[in-house]
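Trainee: I have a new structure open and would like to go through it. Can you take my questions as they come?

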There are 2 protein chains.
Amino acid sequence: MRIVVLAGGIGGARFLRGLKKAAPDAEITVVGNTGDDIHLFGLKVCPDLDTVMYTLGGGIDEEQGWGREGESFTVKEELAAYGVGPEWFGLGDRDFATHIVRTQMLGAGYPLSAVTEALCARWRPGVRLLPMSDDRVETHVAIEVDGEQRAVHFQEYWVKMRASVPARAVVPVGAEQATPAPGVLEAIADADVILFPPSNPVVSIGTILAVPGIREAVAAASAPVVGLSPIVGDAPVRGMADKVLAAVGVESTAAAVARHYGSGLVDGWLVDTVDAGAVADVEAAGIRCRAVPLMMTDVDATAAMAREALALAAEAGKTAEPKETKGTGE
Amino acid sequence: MRIVVLAGGIGGARFLRGLKKAAPDAEITVVGNTGDDIHLFGLKVCPDLDTVMYTLGGGIDEEQGWGREGESFTVKEELAAYGVGPEWFGLGDRDFATHIVRTQMLGAGYPLSAVTEALCARWRPGVRLLPMSDDRVETHVAIEVDGEQRAVHFQEYWVKMRASVPARAVVPVGAEQATPAPGVLEAIADADVILFPPSNPVVSIGTILAVPGIREAVAAASAPVVGLSPIVGDAPVRGMADKVLAAVGVESTAAAVARHYGSGLVDGWLVDTVDAGAVADVEAAGIRCRAVPLMMTDVDATAAMAREALALAAEAGKTAEPKETKGTGE
């Protein structure tokens with residue numbers, strides 16, 4: 001079974017760990033979000049790709065969900081002693097090495113997809129990890145500070161400001177000119193199942209879908225597409241998805257996110273049992289829906305979620321109308 | 001008193017510490033060798049500038065003479081885990097931060113001299129540290145391995161191979177096209193005293209003098225020029241200077257090094273007391289010479305050496321013939 005997963009950072013990575021357990025023989029291709037990549041200290045940092053790589057490769061800081069386990073912060077402290085920041089982004093010494101290797105390879109002319117493959121040769125994540133694009137896409141968030149309009153890098157909004165002011169708009173700068181990384185469209189076309197894990201629908205999966213060709217490929221794929229709600233009981237399972245959902249005019253409910261993707265894009269949708277009341281609402285939008293436990297408390301619970309998603313996909317696949325007639329979901 | 005010192009790494013840095021003690025009120029300008037700079041992991045490493053900066057700024061590993069005190073090696077170990085080397089160059093986590101800042105600033109368009117000034121804002125070395133040039137100069141060493149001629153980066157010859165094969169030639173690649181960094185020629189012209197510390201005459205001071213304009217400026221300076229022999233009792237005080245002296249056809253003796261610089265360049269020369277027999281030989285070459293203890297066993301001993309150098313300079317200065325008539329020492 002060939003499974004394609006569009007993934008952001010922590011939520012996507014944890015879901016993938018469950019999926020690997022649920023479908024140990026599947027060939028899993030992960031299309032990773034690179035919209036929150038950032039240049040720090042002259043180095044290229046790809047937080048979402050690294051979170052997937054470290055999580056599946058056994059190097060993640062489990063507690064925190066990102067960064068390396070057993071991390072030290074000597075380099076960062078020294079940079080601060082030089083007066084060089086930002087200090088709000090937590091780069092540890094082990095993590096620095098990843099960014100140094102990546103930056104060196106990019107500088108030597110390798111595309112990000114080749115660099116990611118090279119890094120994964122060490123981590124052996126057990127999935128094929130592809131960046132959504134080799135082109136630079138950078139998610140910016142429009143905010144208002146003291147009555148003035150500003151646009152900040154997503155990481156500044158998310159990590160430094162902790163989404164403390166409303167997001168007026170979320171713009172994946174560069175996405176329009178970007179092309180999908182080698183293998184992305186082929187993997188989607190050849191997939192037996194396509195999954196949207198409970199990643200952020202705007203700044204993670206939304207950014208991936210903003211790369212021209214990817215949304216269209218997902219909509220046109222012969223494989224059923226199943227998503228898992230990142231909203232449980234009207235609040236994000238983790239993170240601050242509600243902050244950026246508001247910016248795109250979407251309510252923080254499991255049903256609203258399903259409708260945001262639309263029946264042109266997703267065939268099935270899982271909501272948490274506490275949101276069982278939303279099932280009818282989602283199905284009314286033409287999307288097959290089930291209510292199952294959606295809290296990724298441990299790998300077993302996450303594997304159970306993945307099994308439910310695959311079961312819903314199998315069900316949707318049997319009765320699927322030809323995808324070509326579905327439109328793009330816009 | 002304005003003193004200009006042409007300095008390599010460890011020997012130059014330790015001498016400077018003594019000089020600062022001997023002449024606490026002097027304005028000291030250090031023209032640092034950048035010929036052994038190297039790009040490692042995509043980062044610009046300037047071993048000699050950093051050794052001077054760390055030594056005078058109180059951050060040096062005293063035992064080793066280079067690198068930072070209390071160093072850890074997490075980044076390097078992680079890079080090795082990615083299969084990325086070289087492993088033979090000892091870059092610690094603290095040291096990495098320096099190279100990251102430098103590389104970021106160079107990438108942003110700052111010249112090395114401005115970057116060095118910025119780094120020194122933290123270390124406050126108590127001297128004005130100038131790179132010999134903002135242009136890239138890279139010392140290569142021609143060697144023969146298994147009957148084949150090869151040229152290797154100086155660091156590869158020195159650190160990796162530990163000068164274990166004879167050097168056939170030492171070539172400061174790029175020097176001919178390089179120009180002195182801003183302030184270098186002015187400092188030399190305005191100096192009251194110019195000193196050559198017991199740094200390597202070939203790959204440290206020789207490289208600095210290879211930048212067009214610097215040798216000429218030293219020869220033409222009104223200030224007396226005094227050098228301290230890096231050879232004591234026919235062996236280098238430290239390092240492997242004999243290996244590269246052979247490549248330029250100079251014997252490993254205190255007198256031979258003095259003659260190598262020549263009376264067109266240096267007015268005075270200090271040899272160690274064990275080489276007192278060389279004094280007459282050096283003076284016969286037209287260079288004022290004294291035999292004094294030249295072992296930098298501690299800061300006080302080094303300060304005493306610096307005082308002797310300044311005394312010899314004062315003596316030479318009083319009776320100096322106009323420098324313009326001295327030629328270039330070539």
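Trainee: By what turn and shift along the axis can chain A be laid on chain B?

Mentor: This is a predicted model. In it, a turn of 180° with a shift of 0.0 Å along the axis lays chain A on chain B, with an RMSD of 0.0 Å. The two copies are thus related as by a two-fold rotation axis.

Trainee: Which C-alpha of chain A is nearest the axis?

Mentor: That of A:Asp93, 3.6 Å from the axis.

Trainee: And through what surface do the copies meet?

Mentor: The same surface, because 100% of the interface residues of chain A are also interface residues in chain B.

Trainee: New topic. How many residues of strand β2 of chain A are buried?

Mentor: Five of the six, residues 27-32 being the strand, so β2 of chain A is largely enclosed by the rest of the structure.

Trainee: Which strands pair with β2(A)?

Mentor: Strand β1 (residues 2-7) of chain A pairs with β2(A) in the parallel sense over six bridges, and A:Ile3 stands opposite A:Ile28 there. The chain goes from β1(A) to β2(A) through helix α1 (residues 10-22), a right-handed β-α-β crossover. Strand β5 (residues 128-131) of chain A also pairs with β2(A) in the parallel sense, over four bridges. Here A:Thr29 stands opposite A:Arg128.

Trainee: What about the largest nonpolar core, which residues have the most contacts inside it?

Mentor: A:Leu19, A:Leu195, B:Leu19 and B:Leu195, in a core of 116 residues. Beyond its neighbours within four places in sequence, B:Leu19 is in contact with residues including B:Ile3, B:Ile28 and B:Leu195.

Technical notes:
Residues numbered from 1 in each chain as written. Chains lettered and ligands numbered in written order. Predicted model: local features only at pLDDT ≥ 70, side-chain atom pairs only at ≥ 80, totals over all residues. Heavy atoms only, no water. Buried < 20%, exposed > 50% of the residue type's maximum accessible area, 1.4 Å probe, protein only. Helix = DSSP H or I, 4+ residues; strand = E, 2+ residues; numbered from the N terminus. Pairing = 2+ DSSP bridges. Right-handed = clockwise from strand over helix to strand, strands pointing away. Core = buried A, V, L, I, M, F, W, Y, C linked by side-chain atoms within 4.5 Å. Contact = heavy atoms within 4.5 Å. Least-squares fit on C-alpha atoms with pLDDT ≥ 70 in both.
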